[in-house]
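Subject: The structure you asked to look through

Dear colleague,

I am handing over the structure below, and after it you will find my notes on what turned up when I went through it. Please keep the structure open beside the text as you read.

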Amino acid sequence: MRCWLANVAWLLLVVSSVSPAQGQATTAAPPQVEFTRLVSHWHEYDHPEYLNFIAEAQPEIVQLGEYGAHFYSLVHTPVYKGYPAHFPLRGINECGAWFEEKNREIHARGGKVIGHLNVEFLVGDPESPDGPTGFFKFYNELWDEKELGPKPVADPLQLLERGKDGMPIGQKGYEIGKMREYWACLRNPHWQKVLKAWVKRGVDRGVDGFIANYFYRHDCHCEHCQKSFRSYLAERHTPEQLKEKFAIADLARHEFSEIGYWHPVADSTPLKREMLRWSQISNKQVFDEVFHHYGRSLKKDLITAQWNHISYFSQIAGDERCLLPAELWGKDESYLWYSTGAAACYTDLKEGYLGEGTLQARYIRGMFDDKPFTLGKYENTRIRAAIAELAANGGAPMGFYTRFTDPAAREVITRYFQFMKQHNDIYHAARSQAEAVVLFPRTQVFDGNVGAVDDFKKNANALLDAHVLFDVRSDEKSHEDAVKQYKHVVRNEGDVKKVLAAERSKFKAPDTVRASMSQVFTLGNKAPDLVVHLVNYNREEPPRGKDGKPSPGGGIKDEKPIACDEVECDVILPQNAEVREVIALSPEESEGKPLKFEVKDRRIKFTAPGFLVYRVVRIAVK
């Protein structure tokens with residue numbers, strides 16, 4: 001099990017509220033921000049009931065407002081009301097003032113405001129019959145030097161990613177306002193000055209932090225990418241290695257046919273992965289420069305995050321950190337957002353598919369050392385399950401689809417959030433309590449062996465079905481010390497069988513239930529309280545679509561959970577734990593229920609009462 005003394009030492013460093021302490025060095029991360037309830041909206045945030053919902057649900061973090069490329073590309077255009085940001089007002093000053101007022105209103109209701117900041121995805125045309133449009137009109141005609149400082153360059157085309165032919169990389173994929181899309185190059189120092197100007201303006205408008213999205217690279221051959229990639233290769237490989245591994249005889253003069261990013265796994269090569277690894281490292285360096293070094297020089301306690309994508313562990317072809325070394329993974333960032341896309345917004349119970357994010361949550365929790373994170377599940381139907389699985393695995397519910405305009409959804413969101421607030425000591429800065437660790441094969445992904453991820457998922461899912469308490473850690477060397485804390489280490493199917501046969505905590509529950517356990521830290525106690533979390537995914541599924549595929553449903557009316565019967569629990573206790581009481585809790589119940597229990601040979605047995613979706617049992621010690 002996890003080391004109690006080490007966790008106590010960690011606890012002493014934790015901030016007791018969502019607001020970090022002042023007085024930190026501008027280039028260092030402030031004390032860790034802790035929160036457990038988050039909402040995010042890109043539309044309907046101008047609804048008359050929005051602030052009332054915030055006051056009722058009381059999220060600690062509210063992701064609201066646009067301060068980057070989407071704002072400056074679209075807010076002044078005729079399509080300001082449409083996708084993606086659905087701005088409430090047209091005009092940079094008008095909408096900016098509206099966000100500033102909303103920030104004050106949310107602060108008055110106890111929330112911290114995190115602004116969305118698109119870091120590179122531009123919409124607009126450099127030329128049209130009516131002149132420049134979108135971003136290019138903003139840059140050429142609407143840039144306000146009193147607010148943003150001087151323009152870094154005169155011509156915005158100098159900011160863009162460029163293909164091998166030297167032309168700006170663009171497309172017409174979304175066709176927002178029938179305009180094209182372009183991408184700024186993050187390695188371009190002039191573009192970094194644009195981002196810093198936008199960060200400063202957002203801080204001036206009262207945000208507490210930023211979540212950066214569209215953190216990508218494309219096949220950019222601009223002078224900055226060329227120089228940076230060549231330097232990276234020279235530092236990482238000798239001339240002999242470059243020639244042997246990549247057929248690069250003269251690095252300074254070598255012509256790259258591509259300098260790509262994500263790519264199909266079947267097409268992967270060592271050089272393509274070097275390109276991807278360098279892209280992700282350099283993206284992280286830009287993030288740190290803009291948001292940490294500069295942003296925190298303006299606001300010492302600036303909260304930072306990236307909006308990334310993981311799906312069901314898509315690697316090489318997806319995941320913005322798939323080749324990022326563990327020592328840089330989330331370094332100095334306050335929290336993480338990971339989208340599961342369409343991989344986890346439906347169930348197929350006959351096939352044993354629960355449409356869950358449990359495994360992704362445990363991976364992120366282990367990589368991020370129990371710091372806050374959330375999953376964007378694109379889930380507006382199974383509201384209870386979406387909140388419960390994050391609460392049970394150290395995350396911050398509930399992400400992108402807090403459908404407060406649906407009265408039934410609003411009632412459930414508010415009830416579950418208020419449950420978490422009422423029992424904040426269970427969730428705030430909680431640490432995982434696990435008896436095994438499953439190693440995620442990152443080193444094999446680095447070598448292009450994505451099949452090892454499929455083995456990981458198979459092994460981990462077998463443990464989930466057996467209700468084994470386990471964490472996920474990387475197989476990288478930097479995680480070795482953390483891995484040593486666990487009784488059982490799972491690398492393969494043989495290790496799974498050993499864990500299943502070993503002495504461990506056990507829960508007699510259906511396969512549609514997931515079990516996890518956390519530690520609650522109370523200074524002065526000889527041992528931590530333990531908290532058992534049970535999440536039930538069983539439900540009456542919506543009718544399948546015409547194509548025979550499972551349906552995600554049409555809102556909370558289609559959640560239709562089927563209650564779980566009581567669960568027999570047999571839990572291994574930490575050393576020196578003297579149990580005082582066992583209390584069963586649920587968002588569906590008005591008060592806790594004391595449970596009978598039996599303690600013998602460092603094990604405690606009790607029966608958790610039946611529940612609808614989420615059951616919590618607190619094992620309180622003296």
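Two residues are said to be in contact when heavy atoms of theirs lie within 4.5 Å, and with that in mind we can begin with E333, which touches Q32, K284, F287, H292, T304, Q306, R321, F368 and K371 once residues up to four places away in sequence are set aside. E333 sits in the loop between β8 (303-309) and β9 (335-339), and with a relative accessibility of 1% it counts as buried. With R321, one of the residues it touches, E333 also shares a polar contact between side chains, at 2.9 Å.

Before going further, please bear in mind that this is a predicted model. The pLDDT averages 93 over the chain, and 95% of the residues score at least 70. Residues 1-26, however, have a pLDDT below 50, although in the model this stretch has 70 contacts beyond near neighbours in sequence.

A second loop residue to look at is F256, which is found between α9 (239-246) and α10 (270-298). F256 has a relative accessible area of 3% and is buried; leaving out neighbours within four places in sequence, its contacts are K164, H221, Q226, F229, R230, L233, I248, L251 and M275. Q226, which is among these contacts, lies 30 residues from F256 along the chain, and the C-alpha atoms of the two are separated by 9.0 Å.

Turning to the helices, which residues of α2 are buried? In this helix, which covers residues 50-57, they are Y50, L51, F53, I54 and A57. Viewed down the axis of α2, these buried residues fall within an arc of 155 degrees, so they line one face of the helix. As for what they pack against, the partners are β1 (38-40), β2 (61-66), α4 (92-108) and α13 (407-422). Just after α2 comes Q58, whose phi is positive, near 55 degrees.

Helix α5 (residues 134-142) can be read in a similar manner, for its buried residues are G134, F135, F136, F138 and Y139. They pack against α3 (69-74), α4, β4 (121-123), α6 (145-148), β6 (181-183) and α7 (189-204), and you may recall that α4 was also listed among the partners of α2.

Next come the cysteines. A disulfide is a covalent bond between the sulfur atoms of two cysteines, and a search of the whole structure finds 0 of them. Why is C220 not bonded to C222? The sulfur of C222 is the closest cysteine sulfur to that of C220, but the distance is 3.6 Å, which is too far for a bond, given that the cut-off for a disulfide is 2.5 Å. C564 is likewise in no disulfide, and there the nearest cysteine sulfur, in C569, is 10.0 Å away. Both cysteines I looked up are buried, C220 with a relative accessibility of 0% and C564 with a relative accessible area of 6%.

Finally, there are the charged pairs. Side chains of opposite charge can pair when their charged atoms come close, and the count of salt bridges here comes to 49. One of them joins D425 and R618, with 2.7 Å from N to O. D425 belongs to helix α14 (residues 424-427) and R618 to strand β24 (residues 614-621), so the pair ties together parts that are 193 residues apart in sequence. D425 is partly exposed, at 42% relative accessibility, whereas R618 is buried, at 16%.

Another salt bridge joins R253 and D250, at 3.9 Å from N to O; here R253 is exposed, with a relative accessible area of 73%, while D250 is partly exposed, with 37%. In a further pair, the side chains of D558 and K557 meet at 3.2 Å, N to O, and of these two D558 counts as buried at 16% relative accessibility, whereas K557 counts as exposed at 59%. Salt bridges can also share partners, and in this way R365, D369, D370, R431 and R473 are joined into one network.

With best wishes

Terms used
Residues numbered from 1 in each chain as written. Predicted model: local features only at pLDDT ≥ 70, side-chain atom pairs only at ≥ 80, totals over all residues. Heavy atoms only, no water. Buried < 20%, exposed > 50% of the residue type's maximum accessible area, 1.4 Å probe, protein only. Helix = DSSP H or I, 4+ residues; strand = E, 2+ residues; numbered from the N terminus. Arc of directions from axis to C-beta. Polar contact = N/O pair within 3.5 Å; in protein donor to acceptor, adjacent residues only side chain to side chain. Salt bridge = Lys/Arg side-chain N within 4 Å of Asp/Glu carboxyl O. pLDDT = per-residue confidence, 0-100.
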